[in-house]
Amino acid sequence: MKRYFPILNWAPNYDQATLTNDLVAAIIVTIMLIPQSLAYALLAGLPAEVGLYASIAPLVLYAIFGTSSTLAVGPVAVVSLMTAASVGKLAAAGTPEYLGAAIAMAVASGLMLLAMGLLRLGFIANFLSHPVISGFITASGILIATSQIPGILGIKASGHTMPEVLGGIFANLLNTNVFTLLIGGFGVGFLWWSRSRMKSVLKANGVSDKLSSLLVRAAPVGAVALTTVVAWGFGLGDRGVALVGDIPSGLPTPALPPLDMDLWAAILTPAALISLVGYVETVSVAQTLAAKRRQRIDPDQELVALGMSNLGAGLSGGFPVTGGFARSVVNFDAGAETPAAGAYTAVGMALATLFLTPLLYHLPKATLAATIIVAVLGLVDLGALRRTYLVSKADGAAAGATIFVTLVFGVEPGIASGVLLSIALHLWRTTKPHFAVIGQVSGTEHYRNIERHNVMTVPDVLSIRVDEALYFPNARWLEDTVMARVVDNPMIRAVVLNCVAVNDIDSSAIESLEAINTRLKDAGVVLHLAEVKGPIMDRLKRTHLVDELTGDVHLTQYDAMLALSPELTQRTRAMPRRNIA
């Protein structure tokens, strides 16, 4: 029971001090979440109250099923953008069909995540490499920020790609509403200043560090309150400034999503992509924060928790949710000790839904657009593209391609291309893995790459180390590589295949080893194996290779060379050790 209900691990030891810390964290996160939930609902093309609904049940369910003590679940920018891009193809924004499709998306995502968790399929997320997900998030941040510019200017412009959004902006630029621009410009400037400078200014004026941090977190609420009062006091709604308008009071009523089979067939692929991105982001945040406290999370149980959270969102009238980085960091810094902090945040959001919504009638949508812009600019990390490229040109190219596809063709093609690129890069690398011809380091029994180190070799013995698992994509490569080296050097009388880095082998690779053994035998060359791991040896013993091997299987590379060239090997071992670099 504790495996599937992690709440049973921490609830029995819950005490007054933990309650206090969790409540303080919950208050701070609630203050931050209220404007964000409204803004991200509008980003998803949904009514503002849907963001509030998506910030209640998911938080409670995560507290029951989640394993991270500080992860803050709820609406996030990237998933909101993906929801808008997917649902926008099925229905017009603002229609009941659009809302129904978004709710169904949350339920479908929840069911997929739950099934993956129960089947322990968390490893699937590994197929989305870090450079690709980093590129996708960067591109999404740019796309989200650009899509909010029309809200700052008070013009109509829509689209799910950068060319569409920019085209709409330039086409309607002359229709800019000055009052909306003033509200939006103030919102962006104030929120940016509050994030970058406000804390230092407050501390310089004698405000304590804790209070300064709280005021910085509350800055978005302050922007909401101030611009709402200004819009009400000056009647900006009558001057063309778009307002949030009526937000229904009351808690969401649990209901089933639309059961139209055509709709469900259309949302399966987008829901799968949202699930994948949401899970990768959730686990990344949860593991990072857990490591700081020397705690651990269960990635497969996080699938269950995230699945239940999305089911809760969908059945309570919300849209897809995931773990948010910024709110989780705030929750961590505020001292949250258990997932109960999320449940208390849900209580705060429920109270806001019941009592605060009438006060938001005059809230300018430009303020929410400013909130989104400032929040997502933190996701943009173009410097990562250069850093990745310096480490690996292939990874850098994959990240750059993901950014380009996302910006030009949209988020769905962007993440889909990212997944395909990740898998393609993995297959490409394993198809032609790194290998090295190795030689003996003077004064030692160690063997290293002859191209990197100052080593001794035996002219008529070829020693090759393969640094990859051997399986069907690289089986033919192994055969061709060994035979090419032998053909190029007629002096070779023995080949030693060093398997120290081979941690897996399949039947195709074993057949290639058998073919190598046969072809070398025909050429008068003996094949030896060295440093074969136990599980690999167990598989080889179940084949004819061990019996038909022309050479021997040696415990170490040194043993193999001692058998093949004892005099030179021993003499090299006795030499003074020198720098191998």
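This presentation describes the overall make-up of one protein model and then its aromatic, charged and nonpolar side-chain contacts.

Good morning, colleagues. I should say at the outset that the model is predicted. I shall begin with the whole chain and then turn to individual residues.

The protein has 581 residues, and buried residues make up 52% of them. Its secondary structure consists of 27 helices and eight strands. Along the principal axes, the C-alpha atoms occupy a box of roughly 95 × 60 × 55 Å.

Let us take one helix as an example. Helix H18 covers residues 365-377, which is 13 residues. At 1.5 Å a residue, a span of 18 Å is expected, and the end C-alpha atoms lie 19 Å apart, so the two values agree. How many residues of H18 are buried? The count is 10 of its 13, and the helix is therefore mostly covered. Among the buried residues are Ala366, Thr367, Leu368 and the two isoleucines, Ile372 and Ile373. Val374 and Val376 are also on that list.

I turn now to the aromatic side chains. A pair of aromatic rings is described by the distance of the centres and the angle of the planes. The structure holds seven aromatic pairs. One of them joins Phe404 and Phe409 in an edge-to-face arrangement, with 6.4 Å from centre to centre and 75° between the planes. Another pair, Phe435 with Trp477, is also edge-to-face, at 5.7 Å between centres and 65° between planes. Which parts of the chain does the pair of Phe435 and Trp477 link? Phe435 belongs to strand E3 (residues 435-440) and Trp477 to helix H22 (residues 472-488), so the pair connects distant parts of the chain, 42 residues apart. Are the two partners buried or exposed? Trp477 is buried, with a relative accessible area of 16%, while Phe435 is partly exposed at 24%. The cut-off that separates them is 20%, under which a residue counts as buried.

Two further aromatic features deserve a place here. Phe186, Phe190 and Trp193 together form one aromatic cluster. In addition, Lys292 lies over the face of Phe332, 5.7 Å from the ring centre.

The next topic is charge. The count of salt bridges comes to 15. In one of these, the side chains of Asp395 and Arg429 meet at 2.7 Å, N to O. Asp395 lies in helix H20 (residues 393-409) and Arg429 in helix H21 (residues 411-431), so this salt bridge ties together parts that are 34 residues apart in sequence. Asp395 is buried, with a relative accessible area of 16%, whereas Arg429 is partly exposed at 34%.

A second salt bridge joins Arg465 to Asp467, with 2.8 Å between the closest N and O atoms. Here the arginine, Arg465, is buried at 16% relative accessible area, and Asp467 is partly exposed at 25%.

A third bridge brings us back to helix H22. Arg476 and Glu479 form a salt bridge in which the closest N and O atoms are 3.6 Å apart. Why are these two residues separated by about one helical turn? The reason is that they stand three residues apart in helix H22. Their exposure can be stated for each residue. Arg476 is exposed, with a relative accessible area of 53%, while Glu479 has 7% and counts as buried. Elsewhere, Arg120, Asp298 and Asp300 are linked in a network of salt bridges.

Let me now consider nonpolar side chains on the surface. Leu251, Val347, Leu351, Leu354, Phe355, Leu356 and Leu359 form a nonpolar patch there, and together they have about 660 Å² of accessible area. One member, Val347, is found in helix H17 (residues 340-355). Val347 is partly exposed, at 46% relative accessibility.

My last example is a loop residue. Where is Pro258 placed? The loop between helix H13 (219-233) and helix H14 (261-292) contains it. At 31% relative accessibility, Pro258 counts as partly exposed. Its C-alpha atom is 8.1 Å from that of Ile103, although 155 residues separate Pro258 and Ile103 in sequence.

To close, I return to two contacts that cross the sequence. The aromatic pair of Phe435 and Trp477 links strand E3 with helix H22, and the salt bridge of Asp395 and Arg429 ties helix H20 to helix H21. Thank you for your attention.

Definitions and conventions:
Residues numbered from 1 in each chain as written. Predicted model: local features only at pLDDT ≥ 70, side-chain atom pairs only at ≥ 80, totals over all residues. Heavy atoms only, no water. Phe/Tyr/Trp six-rings, centres within 6.5 Å; stacked < 30°, edge-to-face > 60°. Helix = DSSP H or I, 4+ residues; strand = E, 2+ residues; numbered from the N terminus. Buried < 20%, exposed > 50% of the residue type's maximum accessible area, 1.4 Å probe, protein only. Lys NZ or Arg CZ within 6 Å of the ring centre and 35° of its normal. Salt bridge = Lys/Arg side-chain N within 4 Å of Asp/Glu carboxyl O. Patch = residues over 30% accessible without salt bridge, like charges linked within 9 Å, V, L, I, M, F, W, Y side chains within 5 Å. Areas by Shrake-Rupley, 256 points an atom, 1.4 Å probe, with all protein chains shown as cover. Expected span 1.5 Å × (residues − 1).
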